[in-house]
Amino acid sequence: MKKLGLFLFTAVLAVFSASCGSESSGDSLADMKLTELNLADKGIPVTIQAPEGAEVKEGMFMGEFGGIKMLDYEIVKDEFVMEISMDNTEETLTIEEIVSDAKESAQEEEGFVEFIKEETNGFIYKVKTDEYEDYKFYYVMMKDGKAIEFGEGLKLFTEFSLKDAETLYNIAKNAK
């Protein structure tokens, strides 16, 4: 289920990015002033760093699919867009299996170039087409028997630089 969701998300993101003729942001996400954001009241037991005043919006995969309730939120403020998701089932896969599935999905994405960083719980990768160059990330943590997954949210008219992807990845790695 998670692999299908990630694959669908990356496919939709690729279509939006290609059709919008996007361009990179000049501002760095690393320069934003961050504050703690707790998503427990949304059903996801995690606290992350996010820009002050960031909005928490329902993501594209919020809902029930085949009896599995998916919680999917995007944290959005200006160029900062991070997706955090978790389903209501007890996780049966290991971290390594989850990351392996996510890596397979990333490699199937149109324009996949290479993995820039690979760690036990996640990775950063590069995507390049004739229209754009983008850096994306995936990170997963286990908490209370559930897999909480992090990735870049749906961005229109912009791509992440490597520095921006690293910033978001590090925010995910430091989630509590």
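This report describes the fold, the nonpolar cores, one buried acidic residue and several salt bridges of a predicted model.

**Overall fold**

The secondary structure of the chain comes to three helices and ten strands, and read along the sequence these elements follow the pattern α-β-β-β-β-β-β-α-β-β-β-β-α. The chain has 176 residues, of which 48% are buried, and it exposes about 8400 Å², with carbon and sulfur atoms supplying 48% of that area. Among the contacts between residues at least 6 apart in sequence, 56% join residues at least 24 apart.

**Nonpolar cores**

The largest nonpolar core holds 30 residues, and the members that touch the most others are I44, V46, I48, I75, M82, I84 and F150. Two or more residues of this core come from each of strand 2 (47-51), strand 5 (68-77), strand 6 (80-87), strand 9 (133-143), strand 10 (146-152) and helix 3 (162-173), and helix 3 gives the largest share, five residues. A second, separate core has 13 residues, including A102, F123, Y132 and V140.

V46 offers a view of the surroundings of one core member: leaving aside neighbours within four places in sequence, V46 is in contact with residues that include L37, L39, I84, M141, I148, F150 and A175.

**A buried aspartate**

D72 is found in strand 5 and is buried, with a relative accessible area of 1%. A polar atom of the D72 side chain lies 3.2 Å from the backbone nitrogen of M60, and the side chain of D72 also reaches the backbone nitrogen of F61 at 3.0 Å. Beyond its neighbours within four places in sequence, D72 is in contact with K57, E58, G59, M60, F61, M62, E83, I84 and S85.

**Salt bridges**

Side chains of opposite charge can pair when their charged atoms come close. The count in this model comes to eight salt bridges, among them the three tabulated here.

| Salt bridge | Closest N to O distance |
|---|---|
| K33 and E52 | 3.8 Å |
| K126 and E133 | 3.7 Å |
| K128 and E133 | 3.7 Å |

The pair K33 and E52 links distant parts of the chain, since K33 lies in the loop between helix 1 (2-20) and strand 1 (34-38), while E52 lies in the loop between strand 2 and strand 3 (55-58), 19 residues apart. K33 is exposed, with a relative accessible area of 59%, whereas E52 counts as partly exposed at 39%.

Salt bridges that share partners join K126, K128 and E133 into one network. Within this network K126 counts as buried at 16% relative accessibility, while K128 is partly exposed at 46% and E133 is partly exposed at 31%.

Key
Residues numbered from 1 in each chain as written. Predicted model: local features only at pLDDT ≥ 70, side-chain atom pairs only at ≥ 80, totals over all residues. Heavy atoms only, no water. Core = buried A, V, L, I, M, F, W, Y, C linked by side-chain atoms within 4.5 Å. Buried < 20%, exposed > 50% of the residue type's maximum accessible area, 1.4 Å probe, protein only. Helix = DSSP H or I, 4+ residues; strand = E, 2+ residues; numbered from the N terminus. Contact = heavy atoms within 4.5 Å. Areas by Shrake-Rupley, 256 points an atom, 1.4 Å probe, with all protein chains shown as cover. Polar contact = N/O pair within 3.5 Å; in protein donor to acceptor, adjacent residues only side chain to side chain. Salt bridge = Lys/Arg side-chain N within 4 Å of Asp/Glu carboxyl O.
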